[in-house]
Amino acid sequence: PDVLFFGCRGEKKDYLYGNEWQALQASGQLVLHTAFSRDQGQKIYVQHRIAEAGDLCWGLLANSGASVFVAGSTRMSKDVHSALRGLAMSRGGMDAKQADAFMRRLEKQKRYCVEAYG
């Protein structure tokens, strides 16, 4: 199945494809991780969900040739980059320099793509 990390401010207002994604998840075609930053007292962002699913994410990146597509604000994209870099260090046993090289390699291979604004 595909894996999707989706974040927005509020589930009721911004979760535009939620029904479709939940149906795909129910059919086994999608593993869905959501982060609704304003729906609870403590803000939860995509990078938090990536960290929570660290074993899954690292396994996909390191062993399965997974690709990462990030779309959203520049700040969010930097936070997601940091979360993925952190996985390379914590799960992949890399030091900071090796983790930076890993992220650059993903980007060069077109396996890490970012479309950011603002």
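Reader: Is Lys110 buried or exposed?

Author: Glad you asked; keep in mind that this is a predicted model. Lys110 sits in the loop between α6 and β4, and its phi is positive, about 65°, although Lys110 is not a glycine. Exposed means over 50% relative accessible area. Because Lys110 has a relative accessible area of 61%, it counts as exposed.

Reader: Thanks! And is Gln47 buried or exposed?

Author: Let's look at where this residue is placed. Gln47 belongs to helix α3, which covers residues 46-52. The cut-off for buried is under 20% relative accessible area. With 14% relative accessibility, Gln47 is therefore buried.

Reader: Which residues is Gln47 in contact with, leaving aside its neighbours within four places in sequence?

Author: Here we turn from helix α3, where Gln47 lies, to its partners. Once the neighbours within four places in sequence are left aside, the contacts of Gln47 are Asp79, Val80 and Ala83.

Reader: I see Val80 again among the buried residues of α5. Why are the buried residues of α5 on the same side of it?

Author: The buried residues of α5 are Ser77, Val80, Ala83, Leu84, Leu87 and Ala88. Around the axis they cover an arc of only 145°, so they lie on the same side of α5. In general, an α-helix has 3.6 residues a turn, so residues three or four places apart point the same way. The value behind the answer is that arc of only 145°.

Reader: Which residues are exposed on the other side of α5, and what covers the buried ones?

Author: On that other side, the exposed residues are Arg75, Lys78 and Ser90. The cover over the buried residues of α5 includes α3, α4, β3, α6 and β4.

Reader: How far does α5 reach from its first C-alpha to its last?

Author: This helix has 17 residues. At 1.5 Å a residue, 24 Å is expected, and the model comes close to that. From first C-alpha to last, α5 reaches 24 Å.

Reader: Now for the largest pocket: which element gives the most to its lining?

Author: The largest pocket holds about 1200 Å³ of space and is lined by 37 residues, with Phe5, Gly7, Val46, Ala71 and Met76 nearest its centre. By class, the lining has 24 nonpolar, six polar and seven charged residues. At least two lining residues come from each of β1, α3, α4, β3 and α5. With seven residues, the element that gives the most is β1.

Definitions and conventions. Residues numbered from 1 in each chain as written. Predicted model: local features only at pLDDT ≥ 70, side-chain atom pairs only at ≥ 80, totals over all residues. Heavy atoms only, no water. Helix = DSSP H or I, 4+ residues; strand = E, 2+ residues; numbered from the N terminus. Buried < 20%, exposed > 50% of the residue type's maximum accessible area, 1.4 Å probe, protein only. Contact = heavy atoms within 4.5 Å. 1 Å grid on protein atoms, 1.4 Å probe; cavity = no way out; pocket = protein on both sides within 12 Å on 5 of 7 lines; lining within 4 Å. Points joined across faces, edges and corners; volume = space filled by probe spheres on them. Nonpolar A, V, L, I, M, F, W, Y, C, P; charged D, E, K, R; others polar. Expected span 1.5 Å × (residues − 1). Arc of directions from axis to C-beta.
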